[in-house]
Amino acid sequence: MFDMHLISKMALNVFAAYFFICASLAQEGKKSYGEPTADIIARLKANVVKEKSGDVFIKPYERSNSSPNPVTYPIFAAFYAYIDADFDGERFAEYSGLSAGTLLNWGESLSLFGKYFKGKDIELKTITPSDKNLIAYLEKGVPITFFIDVNPIAFEEFAEYIKTRTEKRAEFTDIKKWREELDKDKAISKKLLSKVSKEKGGGANQVFITGYNAQSKEYQCYFAIGRHLKNTCWITKAELDAFEIKKGDDYTFRSFDFKEAKKR
């Protein structure tokens, strides 16, 4: 005869195991998907600051969590963290099949982007760097990234000049007068950039575009290169266009695009 007590106990154990698995999957889903896409879009737009001077820029993101073992370079993680403030390097490692602590290059991290952000209807899209396109993304609170091919040593003189000029810029309340200052400095800027362009072959150096001013025709940028530029700086569109973009599809201009937004 069947032991009904034993069968009931086994059934309860199976149910308990099933409930545990479902609860674990629910938690994993919560961890994987984070905010709904609509909430991400709203949060990003709320991070856009617009000042009287015409400066429009994205507030620096604030990490609410930092994985102790990131598997991608910090600058890459910073870019992803604009979308996911809880960017999880350990989970990124799971998708890569590599152990935590392994540094992935940009191309490798790009291939894992879709898997990591699965369910958020987000893609990392290649864009044409026209003023219209750049401004459209920045207005949505979405940064743009690309890579320049420069020699770090040759870049230092230009970096120091841009740092000093950005500090001077803060003293101007009239953006038109500041534009006049920029026009006076064109020859200096051109000379320094000429030196930079002659010394290519320094590897891929990442740049973020995080703001713009339509009146002064400037963009707020962060360069992941050079000891002088530890913070964002302002450069002209002409200067931005003068940089040699690192050859290869992985290094071109990219930004986040939301599939959900297109459906509406």
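**Local environments and helix packing in a predicted model**

In this predicted model, Lys217 lies in the loop between strand 5 and strand 6 (218–223). The residue is not a glycine, yet its phi is positive, at about 60°. Lys217 counts as exposed, because its relative accessibility is 55% and the exposed class begins over 50%.

Lys217 is also one of the residues in contact with Thr236, once the neighbours of Thr236 within four places in sequence are left aside. The other contacts of Thr236 on that basis are Arg165, Arg179, Leu182 and Glu218. Thr236 itself belongs to strand 7, which spans residues 233–236. With a relative accessible area of 8%, Thr236 is buried, since the buried class covers values under 20%. Thus Thr236 is buried, whereas Lys217, a residue it touches, is exposed.

A second buried position is found in strand 5 (residues 204–213), where Ile209 is placed. The relative accessibility of Ile209 is 0%, so the residue counts as buried. When residues up to four places away in sequence are not counted, Ile209 touches Leu134, Leu138, Pro143, Ile144 and Phe146, and also Tyr219, Gln220, Cys221, Leu240 and Phe253. A distance was also computed between Ile209 and Trp234: the two are 25 residues apart along the chain, and their C-alpha atoms are separated by 9.7 Å.

The packing of helix 7 was examined against two other helices. Helix 7 (residues 152–169) and helix 8 (residues 175–184) have axes that come within 11 Å and cross at roughly 155°. The two helices are therefore roughly antiparallel to each other, because angles over 145 degrees fall in that class. Their crossing is right-handed. On the side of helix 7, the contact is made by Arg165, Lys168 and Arg169, and on the side of helix 8 by Ile175, Trp178, Glu181 and Leu182. By class, these residues comprise four charged and three nonpolar ones, with no polar residue. Two residues of this contact, Arg165 and Leu182, are also among those in contact with Thr236.

Helix 7 also packs with helix 9 (residues 186–198), at an angle of about 150° and with the axes 8 Å apart. Helix 7 and helix 9 are therefore roughly antiparallel to each other as well. Here the crossing is left-handed, whereas that of helix 7 and helix 8 is right-handed. Helix 7 contributes Ala154, Phe155, Glu157, Phe158, Tyr161 and Arg165 to the contact, and these meet Ile188, Ser189, Leu192, Leu193, Lys195 and Val196 of helix 9. The contact of helix 7 with helix 9 has eight nonpolar residues, three charged residues and one polar residue. Arg165 takes part in this contact and in the contact of helix 7 with helix 8.

For the chain as a whole, 11 helices and eight strands were assigned. The chain has 264 residues, of which 41% count as buried; Ile209 and Thr236 are among the buried residues. About 14,800 Å² of the chain is exposed, and carbon and sulfur atoms supply 56% of that area. Of the contacts in the chain with a separation of 6 or more, 70% are accounted for by residues 24 or more positions apart.

Key
Residues are numbered from 1 along each chain as its sequence is written. This is a predicted model: local features need pLDDT of at least 70, side-chain atom pairs count only at pLDDT 80 or more; totals for chains, interfaces and linings use all residues. Side-chain values use heavy atoms; hydrogens and water are left out. Helices (H or I, at least four residues) and strands (E, at least two) are DSSP runs, numbered from the N terminus. Buried means under 20% relative accessible area, exposed over 50%, partly exposed in between (1.4 Å probe, protein chains only). Contact means heavy atoms within 4.5 Å. Accessible areas come from the Shrake-Rupley method with a 1.4 Å probe; for residues, only the protein chains shown count as cover. Axes are lines fitted to C-alpha atoms, for helices over the stretch in contact, and angles run from 0 to 180 degrees between N-to-C directions. Angles under 35 degrees count as roughly parallel, over 145 as roughly antiparallel, 65 to 115 as roughly perpendicular and the rest as oblique. A crossing is left-handed if the near helix is turned anticlockwise from the far one by less than a right angle, and right-handed if clockwise. Ala, Val, Leu, Ile, Met, Phe, Trp, Tyr, Cys and Pro count as nonpolar, Asp, Glu, Lys and Arg as charged, and the others, Gly among them, as polar.
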